[in-house]
Amino acid sequence: MHLLLSQSINLFAAMLLIVVFAMISQRRILRVIHLFTVQGATLVASTIVVGYLTGQHHLYYSAAVTLIVKVILIPVLLHRVIDRLNVRWDVETLINIPTTMLIGIVLVVFAFNLALPIAKLSLSIARGTLGIALACFLLSFMMMISRAKAVPQVIGFLSMENSLFFAAAAATNGMPMIVELGIAFDVLAGILILGVFMFQIREQFDSLDIRHLEKLKED
Amino acid sequence: MISQLLEILVALILAPLLMGWINAWRAWLQNKSAPSLLQPYRTLHKLFHKESVVAETAMPLFRIAPYLVFGCMALACGIVPTLSTDLPMAPAADAIALVGVFALARVFSALAAMDIGTSFGTMGARREMMIGFLAEPALLMVLFTASLITRSTSLASIVHTLASQKFVIYPSLLFSGAAFLLVLLAENARVPVDNPTTHLELTMIHEALILEYSGRHLALIEWAVALKLFAYTCIGAALFFPWGLAQANAPEALLLALPVLVVKLAAAGVVLAMIETVNAKMRIFRVPEFLATAFLLAVIALLVHVLLGA
Amino acid sequence: MILDWMLVTIAGWLLISLLGVACLRRTWLVSRLLFPAGGLLALVFAVLAVSALFSTPEVAELALGLPGLPFHLRLDALSAFFLAVIGGAGAGISIFAAGYFRHGEGTPPGLLCLEYHVFLASMCLVVLADDAYVFMVMWETMALSSFFLVTTNHRVPSIRQAGYLYLLIAHIGAIAILLCFGVLQANTGLYTFANMRAQELSSFWSSCAFLLAVLGFGAKAGILPLHVWLPEAHPAAPSPVSALMSGVMLKTAIYGLLRVAFDLLQLQLSWWGILMLCLGLVTALFGVVFSAVQADMKRLLAYSSIENIGLLFVAIGLALLFKAYGMIGLSTLALTAALFHVVAHAFFKSLLFLGTGSVLHATGERNLGKLGGLMRSMPWVAWLCLVGILASSGLPPLSGFVSEWLLLQSFLFTTGLPDPFFNMLVPVVAAAVALIAALAGYVMVKFFGVIFLGQSREKRLVEAHDASLLERIGLFWLAAVTVLIGIFPVYLIDAIDQVTQALVGYGLAVTVRANGWLVLAPISIERASYSPLIFLGIVGLGVVLAIVMVRLFYHGRIRRAAPWDCGFPAQTARMQDTAEGFGQPILQIFSPFFRVKREVPSPFDAHPQYRLESSDHFWYWFYLPIARVVERLAIIIAKLQQGRIALYLLYSFLTLIVLLVVIKR
């Protein structure tokens, strides 16, 4: 049982990576939000498993916070935002998905190489996951760069935070509770502010395409 | 030897049933009244009875191709462990050769379609080959992940190792499973890539390829298509759910393996019907993207295996 | 002993070439007597080489060449292996050529006979050479004779240009090889290979030698970015010559590379392997993608040769990588894959090139857009070519699949390289190799389907005649070998074993033989096995059973009717998919590879013309800038040219003074 659970952390890590890859290859905004929810749920599950295995009970609380904030609150907020903005079925034109995925593979190789020496030092139960967390982080960053609309960008940002959280939980057995709470509320506040921004952008340009922001620069 | 013969026989008999099962479930899910489960057998019987109308321009290649495709698919069903991992034919062809068998069948059906020299036939051949060259490496990579885990490319020993060891979670198999699903849909002309029930020529891929066939040739091809779907489903079942196969050549073990196989196939059929119901067919130019995703997922699976060692 | 007989055979070729000059314009004599005789000699040569493979190395010293610089020759396993390939493929090509060279077009037949046999002889002597001197002389003879063969139709300007490009790149390569030998002899002044082997070079100088060898032999083999001559020279040459160049001559470059990297150099570094792996991969992908969009059948095959050479580089790179890490077993596996592919490619590519030759003779057309339906009028060529394309697509149970299988196997058992980065690179490379192999299938379906299947796109194709008897014999020989080594790979691996024993000190034959001749299992039967004969047997049995059952239970009635095509009424041959149509998906998916020029007609055009030209970025990024720089330099240097004799004398005088001053110091 114990062995199976510690293996399941690798499984969750792989699932996170798959979800991030799915996100960067997804055109519809609604699906991206769904994927983000799945990512949050995976995170919750992995946190609980790590908490159980290492006997650190504060991880249960942080899992609960994650569940409330990232699986329930933020997706609901995002759904409401896209409903109000009426971009629920928006399709975004992406640059060539295979190319993005190829870059993604390069990033994965890079991240794993980067994490290899650090992972050797770590004594945690899931050393291999650090590389995956790093890869997820870089991929989410890439998603933020490659998207043209504001909502997927915000999701990219959130998924970046998720991967950092996963790195903290899996590789170093969690941060102190107070830090985690702080981050959770930061993210929530960030989402609210970004939501307001999105409405503002929309009002100003009649579109959420952030390329319009280029007009704001002074010539 | 018994297990081998039994396996091929079971494949030949069950493959049309699997087709009928999927069609029935698809109809149910779409609120239609379903055809009988035995409908594919009736269709095959009817087609065999009809005389074969062959185009005047057809060369011998055209008439040989259905038999060759059928032979290839029978071989594929023979080397995929469906009932037992103790197969005398297994040393003849390993995972790489299995991909080769599918490729051989594809090349011959494409050549046969080009043989007549009609506009739709050649278009179908081109599209089929386009799907093939992307799906084939993806399938190979999926199989590679499994062979890296088990240190063998022989399908029988891959499945034997996976089934007999203690239960271990392989994250790399998760990726390759996702890739495999995409490849399965594309290679078997299923919905997001191709529509097996389409009657619109311009969107056809596989149907355009076999447009000129009729009578017994068409029957053989339809049967081969069913066998291919059966083989693919069994590969998926064997790699990702390897339990319940007979390890030895004992008759009672084989008898026990048969219901397990039927249950796995039935579940897979329902899943396939569901995927086909909730998805819409893609534009043809989206297909390379779809398959490239499968290919890259399979490569990531390999990478994850190399990195996590699992 | 064997070496002596080989030299007699080579002398026989030279005699034939002289006889060719003697009967310069007697086409019948040259084609019906001299070429078949040359083909028989090639066969004898192949037999000799095979027997040499299983005997001890021999050396000889010929008192030819300059005084004090005798020709050193050596016949060891590696050279015997390549000689067998040259002889075996050469035999089929020569017999075909006997039926092919008919009417005098361009160069008279006697002269062609001279060039052809000198070309054959020089390739054999390159492989036999045991010092840099013989090697270089023969290498240049090979380049020159093939240059003259390429420019057989020298009245066509584009062919002259192609020949010139070929000669230019061949010379750049030759310079690099010469420098490589210079580095290898390490200032001892002795250019025999035995001396080079004895030198202990530092890793820096070893790397220099290796890089020069890759450059030099890569230019001959057509590795990126020195590949540009291949798609120009191969279509320009007469078909037997293209077959000889693509099937055989490219292999001498592979031979040279193996000789330098595994035999003459005493240490191997891991990054060499990675370098070759990457070079080969890029080349192979480039070659196969470009061959998919070609509309000229010989250009298509030329690009496909580039692809195959790339795959060979990948295999050799992998072997080097393993050797550098001391993993001898895996190194042997990769090297075996490479050598197997050398044989397979030599035969199937020659077969395909010769097939295009027959088509060209029968129709006078190289453009795929004007062919079609030739299987009806040329069944022999078509069915034999079908063997070639199946092998070339890497389909079981033919020869191309075995080498692909061995290569993928060597990728599969790699985990465990000490360097984690290389460890990660390997699966990515394996994926790319699988993609390339699958693309090759696409290309070959296009090649065969557009030429031989469907309806004739031009009316006169119906009158096309099948190949003559001699041509058929040549094609049949090549196809038969392709099938046989595909079905009985174990025997060829037995032969390759001798080579790998000599190069890396290990062979697969022991493990392979332990499982019998029927099943090919390089490591052990549980880990990987493949049996082409059983494979073929089962598929064949399936086919026969299906036919018998259908006849037994149902009937065999058949009715001929017009093609159905969804009831579409007006069907013409021009509505079939063209070569361009077949290339279109590739053009779209791999669009960054190409530089596309497209002319789309407007809807109101009365005579619409659609033109699409896809060309190579390298030409624009690499060659044209170089050409521009050279031109600019030439303008500067041209200032020296004044036209007055006195000035030129002054130049000579000044040079003399400067040289005297330099010597004085």
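How much of chain A, with its 219 residues, counts as buried? It's 55%, where buried means under 20% relative accessible area with a 1.4 Å probe, protein chains only.

Quick housekeeping. This is a predicted model, so to speak: local features need pLDDT of at least 70 and side-chain atom pairs count only at pLDDT 80 or more, while totals for chains, interfaces and linings use all residues. Residues are numbered from 1 along each chain as its sequence is written, chains are lettered from A in the order written, and side-chain values use heavy atoms, with hydrogens and water left out.

Staying with chain A: there are 7 helices and 0 strands, helices being DSSP runs of H or I of at least four residues, and strands E runs of at least two. Take the contacts, meaning heavy atoms within 4.5 Å, between residues at least 6 apart in sequence: 75% of them join residues at least 24 apart.

Now the empty space. We get 5 cavities of 30 Å³ or more. A cavity here is a set of points on a 1 Å grid, over the protein atoms alone, where a 1.4 Å probe fits but cannot get out, and lining residues have an atom within 4 Å of a point. Volume is the space filled by probe spheres set on those points.

The largest one holds about 230 Å³. It has 21 lining residues, and S109(B), E128(B) and H206(B) are among those nearest its centre. By class that's 13 nonpolar, 3 polar and 5 charged; Asp, Glu, Lys and Arg are charged, Ala, Val, Leu, Ile, Met, Phe, Trp, Tyr, Cys and Pro nonpolar, and the others polar.

The second largest cavity comes to about 190 Å³. Of its 20 lining residues, those closest to the centre include L311(C), H341(C) and E404(C). The split there is 11 nonpolar, 7 polar and 2 charged.

Which helix gives the most to that second lining? That's α12(C), with 5 residues, so let's look at this helix. α12 covers residues 297–324 of chain C and reaches 41 Å from first C-alpha to last, close to the 40 Å expected at 1.5 Å times one less than its number of residues. 26 of its 28 residues are buried. At the N-terminal end, D296(C) is the cap, with a side-chain oxygen 2.9 Å from the backbone nitrogen of K298(C). After the helix comes G326(C), with a positive phi near 75°.

Technical notes
Buried means under 20% relative accessible area, exposed over 50%, partly exposed in between (1.4 Å probe, protein chains only). A polar contact is a pair of N or O atoms within 3.5 Å; within protein, one must be able to donate a hydrogen and the other to accept it, and residues adjacent in sequence count only if both atoms are side-chain atoms. On a 1 Å grid over the protein atoms alone, a cavity is a set of points where a 1.4 Å probe fits but cannot get out, and a pocket is an open set with protein on both sides within 12 Å along at least five of seven lines; lining residues have an atom within 4 Å of a point.
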